[in-house]
Amino acid sequence: MSQWNTRQDWPRQARDCIAALNTRNIPLPETVTAALAVLDRVERAKPFAPEHTAIRKAILDGATTDQINALVLADLGAQKIAVEHGQARIDAAGAVLAAVLAAADKIMPALRKLAEAAISRLADVAALDGARLDDLVRAGRTDDAQAVANVATVASELDSHYEVRDRYLTRGGPQALTVAGWNGSRWRDPVMASYHVSGGNPADRYLKGLAAGVPLWFPTKSEAVAVAQAVADGQAAEAARIKAEQFGVGSVSGW
């Protein structure tokens, strides 16, 4: 589970992950549901610690020796139980994240469907070639005007879909999608994207890339890495060719 920063962050990550899937109405596989049930149970079972004056009050109230001994034992073990309960909660949250990752193949199709719908909507706006919202309204092109008005929201949604895939469904996390500086997890042609994709917000970046003919996609880790690896291999081969030519020229001139 290297894609999650620290053990202490697993409970928050697990809850964020489940919330992200539930918000998208993506069904949770049984293995995830089972792991989540354990986390819910552990979080409900908060450890009990007696009040710091409980033993004193028990003595004053005439408690039996057994009752007093039980309070002493509870008081002595309260801190240890609290620590172990915290670690159990972290372990349970980690199990939820691991279950989601293990079920990535079952979750990805539903997430991809949402992402591809967003990509299609962005492509429609990019095809309008920068048409202004007010011009579209005046021309009575209400559907196109609505698409332009919603473009920032759609771009943000797509960004969020990518983040869910990268954080929770990709073994190794987002960094595992990059090969030698190239990343094919969003743009099918990362070389073209490096020339045409720019902008300070998701909508600008996506529209500029699409308008330039760079296709967006929603690949799995293996698909994205294959694209990035091909670019990296091509660069390495070209660098080797240039080096060989330079070496050859130098050798000839030396003679």
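Contact, as the word is used here, means that heavy atoms lie within 4.5 Å of each other. The model treated in these exercises is a predicted one.

**Exercise 1.** Find which residues Val100 touches, leaving out residues up to four places away in sequence, and place Val100 in the nonpolar core to which it belongs.

*Solution.* Begin with the residue itself: with those sequence neighbours not counted, Val100 touches Cys17, Ile18, Val32, Ile107, Tyr168 and Leu169. Next, turn to the largest nonpolar core, which has 50 residues, and in which Val100 is listed with Leu122, Leu158, Tyr206 and Leu216 as having the most contacts inside it. The elements that give two or more residues to this core are α1 (10-23), α2 (30-44), α4 (65-102), α5 (104-126), α7 (142-149), α8 (151-168) and α10 (202-211). The largest share of the core, 10 residues, comes from α5. Finally, note that another core, of five residues, lies apart from this one, and that Val179, Trp182, Ala228 and Ala232 are among its residues.

**Exercise 2.** Check whether the length of α5 agrees with what its 23 residues should span at 1.5 Å a residue, and list the buried residues of α5.

*Solution.* The expected span is 1.5 Å times one less than the number of residues, so the 23 residues of α5 should span 33 Å, and the 31 Å between its end C-alpha atoms agrees with this. As for burial, which requires a relative accessible area under 20%, the buried residues of α5 are Ala104, Ile107, Met108, Leu111, Ala115, Ala118, Ile119, Leu122, Val125 and Ala126. In reading such a list, remember that an α-helix has 3.6 residues a turn, so residues three or four places apart point the same way.

**Exercise 3.** Describe how α5 and α8 pack, giving the angle and the distance between their axes.

*Solution.* The two helices pack at an angle of about 150°, and their axes are 9 Å apart. Because angles over 145 degrees count as roughly antiparallel, α5 is roughly antiparallel to α8. The crossing of α5 past α8 is left-handed. Among the residues that make the contact are Leu111, Ala118 and Leu122 of α5, together with Val154, Leu158 and His161 of α8.

**Exercise 4.** Decide whether Asp129 and Ala180 are buried or exposed, and state where each one lies.

*Solution.* Most residues other than glycine have a negative phi. Asp129, however, has a positive phi of about 60°; it lies in the loop between α5 and α6 (133-138), and its relative accessibility of 70% means that it counts as exposed. Ala180, also not a glycine, has a positive phi of about 50°; its place is in the loop between β1 (178-179) and β2 (182-183), and with a relative accessible area of 65% Ala180 is exposed.

Conventions
Residues are numbered from 1 along each chain as its sequence is written. This is a predicted model: local features need pLDDT of at least 70, side-chain atom pairs count only at pLDDT 80 or more; totals for chains, interfaces and linings use all residues. Side-chain values use heavy atoms; hydrogens and water are left out. A nonpolar core is a set of buried Ala, Val, Leu, Ile, Met, Phe, Trp, Tyr and Cys residues joined through side-chain atoms within 4.5 Å. Buried means under 20% relative accessible area, exposed over 50%, partly exposed in between (1.4 Å probe, protein chains only). Helices (H or I, at least four residues) and strands (E, at least two) are DSSP runs, numbered from the N terminus. Axes are lines fitted to C-alpha atoms, for helices over the stretch in contact, and angles run from 0 to 180 degrees between N-to-C directions. Angles under 35 degrees count as roughly parallel, over 145 as roughly antiparallel, 65 to 115 as roughly perpendicular and the rest as oblique. A crossing is left-handed if the near helix is turned anticlockwise from the far one by less than a right angle, and right-handed if clockwise.
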